[in-house]
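Student: I'm new to this one and would like a close look at a single part. Please take me through whatever empty space is shut inside, and then through what stands around it.

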Amino acid sequence: MLAPTGSRHRLATALAALGLLAAGVAVQTAGAATPAHAATTHRVLFDDGHAEEAGNADWIISTSKPDPLAEDSSPSAETDWTGALSSWGVALQKSGGYSLKTATSALTYGGSATTDLSNFDTLVLPEPNTLFTTAEKTAIMNFVKNGGGLFMISDHTGADRNNDGEDAVEILNDLMTNNSVDSTDPFGFSIDSLDVGSGYPAAISDSADPVLHGDFGTVTKSLIADGTTATLKPADNAAVKGLVYRSGYSGNTGAFFVTSTFGSGRVAFWGDSSPVDDGTGQSGNTLYDGWNDSGATNAPLALNATAWLAGAGSSGGGGGGGSCTAAQLLGNNGFESGNTTWSASSGVITNSSSKSARTGSYYAWLDGYGTATTDTLSQSVTVPSGCTTAALSFFLHIDTAETTTSTAYDTLKVQVLNSSGTVLATLATYSNLNAASGYTQRTFSLASYAGQTVTLKFTGTEGSTLQTSFVVDDTALNVS
């Protein structure tokens, strides 16, 4: 890139012919901007924007928001973070491979906020106590439809902690039945208007289920301490499945823990907040330690379900059977074969000396023109149905001539599309605000697409002035 505002290879080619092309790489921003999200495979957002702390409740992983690491960057005990859900959060943090955040404002999808749902793999709704707005319901449903995981935790009928006339049963049913995306029983279950006082609902016998038998342990029972159940409607969604049942119930009634799918995403429902309550929290709240209840296995249930929703661990659900051979699936993944395998805009795959490849000679260079331009780079790939891990990774370098520290003028979207070209998920959106020296590896899980042929697509969109270059190299899709 020509300093300081030189535009990309179209101009570079002409200058090279005149012997005017500068040697080396572009002038880059001196400091690394904050990435759009941490380069962590499993990104989980806990909602705290719907009265989750109202009344005698404390459904948060930490009082530090949005980032719990600000309270303690290396927690080892549940009290290192403050909140009734701190044990859940600390367990995920200690396990590695998870990036946790808390949302305190309206939920959005496809926006620029740090806690926008497009930056996450899973959304946890821990007993919301205010209705979601129309826009929020659209955002949540599209997030799931496009590949996100949704964890809904209810409480019993009448648990209206902020006295606004709505409880979690009504709020979550409203989300499922009164939205602009699909209100025709999209998940295949409804939440019962009940207050079940106590009990230890038992898990079904299914050794292959990844939620009941996952990396965090085996689930045998849960706990109900004033909660509710769900009624299943498999005729509406064949993927719906009851995993834990209230004593004396089975089949389509009395389901205390439920999983399902919607579009390319996954859904889990738990009929009580007491199982994830660890008994600790902020001063003034009388809490119940269900997390450590010796008669139940609530921690493995919460953690396995989080992993499953985020695409970690076994595919389960509707992933299907089949075998999987460990492999790297992307063709010409380092671009060293030039314009083969990938579909790309003219000049995107290049060995121009104006930029540096991370390895080898070739790389993919999107945008950098200093004019209103859109560049694309894509490749279709089939994720084998038997694979439980599908890790997409690539190295990304961003430099820019923009000087703003607040406005994303130029963007790069990383998306997953189906065979019809419909966007299933936006994995990340980067911009001129993420400019930094050198390459940074980005990693995402595509395990939820096992058994599907999808297209991985990078789309760079540049404004009318001042260049931003998005340089990609050493891509991979490793499955096992």
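Tutor: Let's settle one word before we go in: a cavity is a set of grid points where a 1.4 Å probe fits but cannot get out, and a residue belongs to its lining if it has an atom within 4 Å of one of those points. Also keep in mind that you're looking at a predicted model.

How many cavities of 30 Å³ or more does a search of the whole structure find? There is 1, and its space comes to about 200 Å³. Its lining is made of 22 residues, and those nearest the centre are Phe120, Asp121, Gly147, Gly148 and Ala425. Two elements, E14 and strand E22 (423-431), each give two or more residues to that lining. E22 has the largest share, with 3 residues. Sorted by class, the lining holds 10 nonpolar, 9 polar and 3 charged residues.

So let's follow those two strands, E14 and then E22. E14 covers residues 265-270, and 6 of its 6 residues are buried. In a regular strand the side chains alternate between the two faces of the sheet. Which residues of E14 sit on which side? Gly265, Val267 and Phe269 are on one side, Arg266, Ala268 and Trp270 are on the other, and all of them are buried, so both faces of the strand are covered.

E14 also has strands to pair with. Strand E4 (residues 149-153) runs parallel to E14, and 5 bridges link the pair. Within that pairing, glycine 149 stands opposite arginine 266. Strand E13 (residues 255-262) is antiparallel to E14, with 6 bridges between them. Here arginine 266 turns up again, this time as the bridge partner of threonine 261. E13 and E14 make a hairpin with 2 residues in between, and glycine 263 in that turn has a positive phi of about 60°.

If you step back along the chain from E13, you come to the loop between strand E12 (241-245) and E13, which is where serine 250 is found. Is serine 250 buried or exposed? Serine 250 is exposed, with a relative accessible area of 53%. Serine 250 is 46 residues from isoleucine 204 in sequence, yet the two are 8.9 Å apart in space, C-alpha to C-alpha.

Now for the other strand of the lining. E22 belongs to an open sheet of 5 strands, ordered E16-E19-E24-E21-E22 with antiparallel pairing. E22 and strand E16 (343-344) are at the edges with a single partner strand each, so one side of each has no neighbour in the sheet. At the E16 end, 2 bridges join E16 to strand E19 (residues 373-382), again antiparallel. There, serine 343 stands opposite serine 378.

Let's go back to E4, the parallel partner of E14, as a helix packs there too. The buried residues of H4 pack against E4, strand E3 (122-126), helix H3 (134-145) and strand E5 (189-191). H4 takes in residues 168-177 and is mostly covered, with 8 of its 10 residues buried. Among them are Ala168, Val169, Ile171 and Leu172.

For contrast with the shut-in space, try a pocket, which is open. The second largest pocket has a volume of about 200 Å³. Its lining has 15 residues, and Asn56, Asp155, Arg161, Ala225 and Ser274 lie nearest its centre. By class, this lining divides into 5 nonpolar, 5 polar and 5 charged residues.

Last, zoom out. The protein has 5 helices and 25 strands, and 53% of its 480 residues count as buried. Of the contacts between residues at least 6 apart in sequence, 74% join residues at least 24 apart.

And how far can you trust the picture? The mean pLDDT is 87, and 89% of residues reach 70 or more. Residues 1-6 have a pLDDT below 50, though the stretch has 21 contacts in the model beyond near neighbours in sequence. Residues 313-322 are also below 50, with 23 such contacts. Where pLDDT is low, the predicted coordinates should not be read in detail.

How values were computed: Residues are numbered from 1 along each chain as its sequence is written. This is a predicted model: local features need pLDDT of at least 70, side-chain atom pairs count only at pLDDT 80 or more; totals for chains, interfaces and linings use all residues. Side-chain values use heavy atoms; hydrogens and water are left out. Buried means under 20% relative accessible area, exposed over 50%, partly exposed in between (1.4 Å probe, protein chains only). Helices (H or I, at least four residues) and strands (E, at least two) are DSSP runs, numbered from the N terminus. Two strands pair if DSSP finds at least two bridges between them. On a 1 Å grid over the protein atoms alone, a cavity is a set of points where a 1.4 Å probe fits but cannot get out, and a pocket is an open set with protein on both sides within 12 Å along at least five of seven lines; lining residues have an atom within 4 Å of a point. Grid points are joined across faces, edges and corners, and a volume is the space filled by probe spheres set on the points. Ala, Val, Leu, Ile, Met, Phe, Trp, Tyr, Cys and Pro count as nonpolar, Asp, Glu, Lys and Arg as charged, and the others, Gly among them, as polar. pLDDT is the predictor's confidence in each residue, from 0 to 100. Contact means heavy atoms within 4.5 Å.
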